[in-house]
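Me: I'd like to go through this one with you, a question at a time. Shall we put it on screen and start?

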Number of protein chains: 2
Amino acid sequence: MIKQRGILYVLSGPSGVGKGTVRKALFERDTHLQYSISMTSRSPREGEIDGGDYFFKKREDFEQLIKDNKLLEWAEYVGNYYGTPIDYVEQTLDEGQDVFLEIEVQGAMQVKKVFPEAVFIFLIPPSLEELKNRILGRGTETEDLVNNRLSAAKVEIEMMNAYDYVVVNEKVEHAVERVEAIVHAEHFRRTRVEKQYRKLLEVE
Amino acid sequence: MIKQRGILYVLSGPSGVGKGTVRKALFERDTHLQYSISMTSRSPREGEIDGGDYFFKKREDFEQLIKDNKLLEWAEYVGNYYGTPIDYVEQTLDEGQDVFLEIEVQGAMQVKKVFPEAVFIFLIPPSLEELKNRILGRGTETEDLVNNRLSAAKVEIEMMNAYDYVVVNEKVEHAVERVEAIVHAEHFRRTRVEKQYRKLLEVE
């Protein structure tokens, strides 16, 4: 049996759609996936563990990693860098383990350039109305901010055509079941397994 | 909500691999799929129902259907025609129902010409040794015939590259689970749902 490389799954979608909730529910059910820990230049909060919650790096070290192409994707939020270290992803895949990323749409497009063979899953709300309700539901944002986020989401939805799958997040448990079926089915895609199986069925 | 066309699934694989067993086990578990009934020019056996076991046709009527391109795929075995009527498949798909075909590899290649968007699943044995054992296990064939069938199977395995998925039939229950995951996941392929979802998320 030839050892098969792991599969990289990328869950993304417009801001407010519930990516984090779906990812957490998925990891409660599925233990074979490896979750890629993000790297950040912000300071650890109380109780946060380096290599557990995040990989914590100094700002200048993070910038050096960007320059050295050591990040699969990265962005700056509120003055701090956040990103996905490429070494962990590469190493885990090489070990034959599947890696799961839950990231913003801009980051997903960066991943696609490096791993075009990854499985890209786009999570969408059942309607724009519902997305607005979800953003309002957080109760932490002004009306202007809510409208800004909705406009941004509309632009992000335009990026759907770069994805392999589209899953509606109407009920979390259904969305998780759908993502699980996709994760399972992709192991049998001919383009991934053909070489291995041809070897398996070679004439002795 | 825009009504979506059904998906056509085609399960195929080398002779002796256990396609029929997997298909029967799948239909015991999954009731949403419609099984396409074959058409034949042979006479009904006792108890066989027209439109149940087969659609029974006179030989000359079958030949006319071939000429009129009314068969999605067809072949002649032991002097009788067997085939899949295209009207049933088209009509069921138009009703938004998924259709499942379990056919020989030659037939699958004919289906691919008409329905390139169908989902093609290739069932393979865990090894050629095991395939030989399965053919021998039927106990109905001479050594020469077994070797002929094995040679044919090797040629058929070469056709793997025309398929979307490859599933190893080591244990039937695992093969069925894999086919089920594929059937489920294909409903969320972006190319199938994008148009519908873009409409759903249009600005009111």
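Me: Bear in mind that this is a predicted model. Which strands of chain B does helix α8 of chain A lie across?

Reply: Helix α8 of chain A covers residues 190-200, and its direction makes about 50° with β9(B). So which strands does the helix cross? They belong to the other chain, and they are β8 and β9 of chain B.

Me: How are the two copies related, then?

Reply: Laying chain B on chain A takes a turn of 180° with a shift of 0.0 Å along the axis, and the RMSD comes out at 0.0 Å. The two copies are thus related as by a two-fold rotation axis.

Me: What percentage of the contact residues of chain B recur in chain A?

Reply: The same surface serves both copies. The share of chain B contact residues that turn up again in chain A is 100%.

Me: And which residue of chain B comes closest to the rotation axis?

Reply: Going by C-alpha position, the distance to the axis is 2.5 Å. The chain B residue that comes closest is A181(B).

Me: Back to the sheet in chain B. Which strands stand at its edges?

Reply: Five strands make an open sheet with parallel pairing, in the order β2-β7-β1-β8-β9 (chain B). The end strands have a single partner strand each, so one side of each is left without a neighbour in the sheet. Those edge strands are β2 (34-35) and β9 of chain B.

Me: Which strands does β8(B) pair with?

Reply: On one hand, four bridges join β8(B) to strand β1 (residues 8-12) of chain B, running parallel, with V10(B) opposite F120(B). On the other, four bridges link β8(B) in parallel to strand β9, residues 165-168 of chain B, where F122(B) stands opposite V166(B). The partners are β1(B) and β9(B).

Me: How many of the residues of β8(B) are buried?

Reply: Take the faces in turn. V119(B), I121(B) and L123(B) are buried on one side, and F120(B), F122(B) and I124(B) are buried on the other. That fits the general rule that side chains in a regular strand alternate between the two faces of the sheet. Strand β8 of chain B is largely enclosed by the rest of the structure, because its buried residues number six of six.

Me: Over to chain A. Which strands does α1(A) touch when it packs on the sheet?

Reply: The chain A sheet is an open one of five strands in the order β2-β7-β1-β8-β9, paired in parallel. Within it, strand β1 (residues 8-12) and strand β8 (residues 119-124) of chain A pair over four bridges in the parallel sense, and S12(A) stands opposite F122(A) in β8(A). Helix α1(A) packs on this sheet at about 155° to the direction of β7(A), and the strands touched are β1, β2, β7 (99-102) and β8 of chain A.

Me: At which residues does UniProt place the feature "binding site"?

Reply: This comes from an unreviewed UniProt entry. Two of the listed positions, K19(A) and G20(A), are in helix α1 of chain A. The annotated residues are G13(A), P14(A), S15(A), G16(A), V17(A), G18(A), K19(A) and G20(A).

Me: Is K19(A) buried or exposed?

Reply: Setting aside neighbours within four places in sequence, K19(A) contacts L11(A), S12(A), G13(A), P14(A), E102(A), I103(A), E104(A) and L123(A). A polar atom of the K19(A) side chain also lies 2.9 Å from the backbone oxygen of G13(A). The relative accessible area of K19(A) is 6%, and the cut-off is under 20%, so K19(A) is buried.

Me: Last one: where is N69(A) found, and is N69(A) buried or exposed?

Reply: N69(A) has a positive phi of about 60° although it is not a glycine, and N69(B) likewise has a positive phi, near 55°. N69(A) is found in the loop between α2 (59-67) and β5 (71-77) of chain A. In chain B, N69(B) has a relative accessible area of 63% and is exposed. With 62% relative accessibility, N69(A) counts as exposed.

Definitions and conventions:
Residues are numbered from 1 along each chain as its sequence is written. Chains are lettered from A and ligands numbered from 1 in the order in which they are written. This is a predicted model: local features need pLDDT of at least 70, side-chain atom pairs count only at pLDDT 80 or more; totals for chains, interfaces and linings use all residues. Side-chain values use heavy atoms; hydrogens and water are left out. Buried means under 20% relative accessible area, exposed over 50%, partly exposed in between (1.4 Å probe, protein chains only). Two strands pair if DSSP finds at least two bridges between them. Copies are superposed by least squares on the C-alpha atoms of residues with pLDDT of at least 70 in both. Contact means heavy atoms within 4.5 Å. Axes are lines fitted to C-alpha atoms, for helices over the stretch in contact, and angles run from 0 to 180 degrees between N-to-C directions. UniProt positions are given in the numbering used here, feature names are shortened, and annotations may be inferred rather than shown by experiment. A polar contact is a pair of N or O atoms within 3.5 Å; within protein, one must be able to donate a hydrogen and the other to accept it, and residues adjacent in sequence count only if both atoms are side-chain atoms.
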